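Trainee: I should be grateful for a close examination of a single part of this structure, with the pairing and packing around that part described in one connected account.

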Amino acid sequence: MARSVRRRAAFAAALCCAAAAAASGVSMSGTVVARAQPVTQRFEAYGQVQPVAVADVHAVEAAVVTHLVLPGARVRAGQVLAVLTGPQAEALLTQRRGALRAASVQLAADRRKLAARLVTRQAVAADEAAYDAARSQLQVALETLTLRAPAAGEVLAVDVADGEQVGAGELILALQTGRPWLKATYYGADALAIHPGMTGRFRPASGAAVPVRVRTVSAALGSDDGEQVGLFPAAAHGRDGAALARLWRSGQWGTVTLRGATRPMVAVPTRALILDRAHWWVLVRTAHGDQRRRVVPGASRGWSTFIERGLEPGEHVVVQNAYLAFYHGIASRYAPPD
């Protein structure tokens, strides 16, 4: 009776294995038929949002920095970024105002003398030129001590504190001008297929995903430098690229996925792949028995792997105990002779 129970249990287990194999596409012989499926090539890399151009703003004169804007502020062209004050700045303005006042007094006096014919017109013309020069120097001093944005942009970094004493030529802040772009580096032979116009998505570490388009591709400077790719937001869902660009900020990191060409590739279960001597292999069942076939795996999707080269659609690939069957008899091949 115990033997009958064991037989029924073994029969039930065999039925379960057969049902599981049928559900997974594996035949009773332990093979699957390699089938061609359309696969879209994908390229993934890490990227960072960076400014296209950065304008450095320096202090022309030694002074104390006041009214300083904060990092991250968006400014218009001509907007005040900081004001330089302090003893040195006040001394400069006092000197320029004094020179203008003296030139004005001299010009007025010579004009009265000209009416009385006590000076020549050439002397008055020289006074007018001196007055214009003094006024121009005062205006330059006022503009020099007021730091304005050379173009619209975003303040990336501020190197000094409000109220700090700075020297002539010292860096005050860095201003990003123009729209920021996304830079990513792709590696491998497949990266050579990336070209301007390709589209994809940028998924930052925080925030919503942004559709992107490849604008530039730079050749690698070294053998392992990869392909340098520059991307801008791509218009999508009725929103233009400028609106989408506001969704990211300089310094953001994230994953950049690009979509390549779609082509048919052969898919097999990943467990059918065997790694041996730094190469990938599968066992192909033929009328003459199981044959080893060297293949080049590509992308994976779920439990399946797409084969780049080495396998044709319709061939039967061993899945069940493929690893054991591949290395069957290896002990006898590597056993030392008697």
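Mentor: Let us take the sheet that contains β6. Strands β6 and β7 run antiparallel and are joined by three bridges. One residue pair locates this pairing: Val83 has Thr146, in β7, as its bridge partner. The model under discussion is a predicted one.

On β6 there is also a pairing with β4. Strand β4 covers residues 63-66 and β6 covers residues 80-85; the two run antiparallel, with three bridges between them. Within this pairing, Val64 stands opposite Thr85 of β6, and Val65 stands opposite Leu84 of β6.

These pairings belong to an open sheet of four strands, whose order is β7-β6-β4-β9 and whose pairing is antiparallel. The edges are occupied by β7 (146-148) and β9 (165-166); each has a single partner strand, so one side of each is left without a neighbour in the sheet.

The sheet leads directly to the packing. Val65 and Leu84, which face each other across β4 and β6, are both among the residues with the most contacts inside the largest nonpolar core, a group that also includes Leu68, Leu81, Ile172 and Leu173. This core has 26 residues. Two or more residues come from each of β4, β6, α2 (87-115), α3 (121-144) and β10 (171-177). Among these elements, α2 gives the most to the core, with four residues. As a general matter, nonpolar side chains in soluble globular proteins tend to be buried together.

Leu173 deserves separate attention. Leaving aside neighbours within four places in sequence, Leu173 is in contact with Leu68 and Leu81, and also with Ala55, Asp56, Val57, Val69, Ala157, Val158 and Asp159. Two of these partners, Leu68 and Leu81, are themselves listed with the residues that have the most contacts inside the core. Another core, of 17 residues, lies apart from the largest one; Phe43, Leu231, Val256 and Leu258 are among its members.

To return to the starting point, β6 is joined to β7 by three bridges and to β4 by three bridges, and β6 is one of the elements that give two or more residues to the largest nonpolar core.

How values were computed: Residues numbered from 1 in each chain as written. Predicted model: local features only at pLDDT ≥ 70, side-chain atom pairs only at ≥ 80, totals over all residues. Heavy atoms only, no water. Pairing = 2+ DSSP bridges. Core = buried A, V, L, I, M, F, W, Y, C linked by side-chain atoms within 4.5 Å. Buried < 20%, exposed > 50% of the residue type's maximum accessible area, 1.4 Å probe, protein only. Contact = heavy atoms within 4.5 Å.
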